[in-house]
Amino acid sequence: MESLGRKVKEDGVVIDEKILKVDGFLNHQIDAKLMHEVGQTFYNQFKNEGITKILTIEASGIAPAIMAALHFDVPCLFAKKAKPSTLKDGFYQTDIHSFTKNKTSTVIVSEEFLGEDDTVLIIDDFLANGDASLGLNEIVKQANAKTAGVGIVVEKSFQNGRQRLEDEGLNVSSLCKVASLKGNKVTLLGEN
Ligand code: 5GP
């Protein structure tokens, strides 16, 4: 997606060699038109997979996920980061380690909204080491549902997330691949 690559290069702020800040269009302020195009692109890629539900994790996955849901005309479901005291019966749950916050949280999805008849497209804003997507896939497995694929807005290809997802047999589609954040500069895959 050329428009996304341009935006990442122009507006992305390199925090360090591993973290890119995209608060201007994805993680804080949201560029709705760009997210609409993101949703359309995921739809074009996965439209023949019989997707019945989009699954993401709060909060920053919700914008691209809801735009994808709009194009697929299916519900957008997001895993909630729950405090253990609020956990009751009737939830799928798993622990996900956050790459940016460096802490592990329990996330939950109500059994009411995901079941064995569902075919799921997992969507997230970033792919780093893959913990968020693998955790969401674990929830899909608990529901005896099927994951048709994982749609990522920005993949950091210098980290091992894609490899870990592919080792799980998941079909990963990333709309923008960052090869390096070295030298305070965003270099996309295929660029010099
Ligand atoms: P993973 O679970 O693949 O290691 O990391 C993905 C999750 O961490 C995403 O949900 C995203 O919110 C966050 N994340 C990972 N890397 C970055 C980054 O470079 N910038 C931002 N803004 N979020 C990131």
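Q: What makes the approach of a ligand oxygen atom to a polar backbone atom of Ala 132 a polar contact?

A: In this predicted model, the two atoms are 2.8 Å apart. A polar contact requires a pair of N or O atoms within 3.5 Å, so the pair qualifies.

Q: How do you know that Asp 131 and Lys 156 also make polar contacts with the ligand?

A: An oxygen atom of the ligand is 3.1 Å from a polar backbone atom of Asp 131. For Lys 156, a polar side-chain atom lies 2.7 Å from a nitrogen atom of the ligand. Each distance is within 3.5 Å, and therefore both pairs count. As for coverage, the protein covers 90% of the 500 Å² of accessible area that the ligand has on its own.

Q: Which residues are the closest of those that surround the ligand?

A: Leu 20, Asp 124, Asn 129, Gly 130 and Lys 156 are the closest, out of 17 residues around the ligand.

Q: Why is Ser 133 called buried?

A: Ser 133 has a relative accessible area of 1%, and buried means under 20%, so the term applies. This serine lies in helix H5, residues 131–142. Apart from neighbours within four places in sequence, Ser 133 is in contact with Ile 122, Leu 127, Val 150, Ile 152 and Leu 165.

Q: Why is Glu 49 called neither buried nor exposed?

A: The relative accessible area of Glu 49 is 35%. Buried means under 20% and exposed means over 50%, so the value falls in between and the residue is partly exposed. Glu 49 is found in the loop between helix H3 (32–46) and strand S3. Not counting residues up to four places away in sequence, Glu 49 touches Thr 119 and Ala 148. The C-alpha atoms of Glu 49 and Thr 119 are separated by 7.9 Å, although the two residues are 70 apart along the chain.

Q: What makes strand S7 largely enclosed by the rest of the structure?

A: Nine of the nine residues of S7 are buried, so the strand is largely enclosed.

Q: How do you know that S7 pairs with both S3 and S8?

A: Pairing requires at least two bridges. Strand S3 (residues 53–57) and strand S7 (residues 119–127) share three bridges in the parallel sense, and eight bridges join S7 to S8, again running parallel. Both counts meet the requirement, so both pairings hold. Within these pairings, Leu 55 has Ile 122 in S7 as its bridge partner, while Leu 121 stands opposite Gly 149 in S8.

Q: Why are S5 and S10 called edge strands?

A: Eight strands form an open sheet of mixed pairing, in the order S5-S6-S4-S3-S7-S8-S9-S10. Strand S5 (91–98) and strand S10 (187–188) each pair on one side only, which is what makes them the edges. Helix H4 (residues 62–72) packs on this sheet, where it touches S3, strand S4 (76–81), S7 and strand S8 (146–156). The direction of H4 makes about 175 degrees with that of S3.

Q: What makes the link from the side chain of Ser 180 to the backbone nitrogen of Lys 182 a polar contact?

A: The separation is 2.9 Å, and the cut-off is 3.5 Å, so the pair is accepted. Ser 180 is found in strand S9. Leaving aside neighbours within four places in sequence, this serine is in contact with Phe 158, Lys 185, Val 186 and Thr 187.

Key. Residues are numbered from 1 along each chain as its sequence is written. This is a predicted model: local features need pLDDT of at least 70, side-chain atom pairs count only at pLDDT 80 or more; totals for chains, interfaces and linings use all residues. Side-chain values use heavy atoms; hydrogens and water are left out. Helices (H or I, at least four residues) and strands (E, at least two) are DSSP runs, numbered from the N terminus. Contact means heavy atoms within 4.5 Å. Axes are lines fitted to C-alpha atoms, for helices over the stretch in contact, and angles run from 0 to 180 degrees between N-to-C directions. Buried means under 20% relative accessible area, exposed over 50%, partly exposed in between (1.4 Å probe, protein chains only). A residue is near a molecule or strand if one of its heavy atoms lies within 4 Å of it. A polar contact is a pair of N or O atoms within 3.5 Å; within protein, one must be able to donate a hydrogen and the other to accept it, and residues adjacent in sequence count only if both atoms are side-chain atoms. Accessible areas come from the Shrake-Rupley method with a 1.4 Å probe; for residues, only the protein chains shown count as cover.
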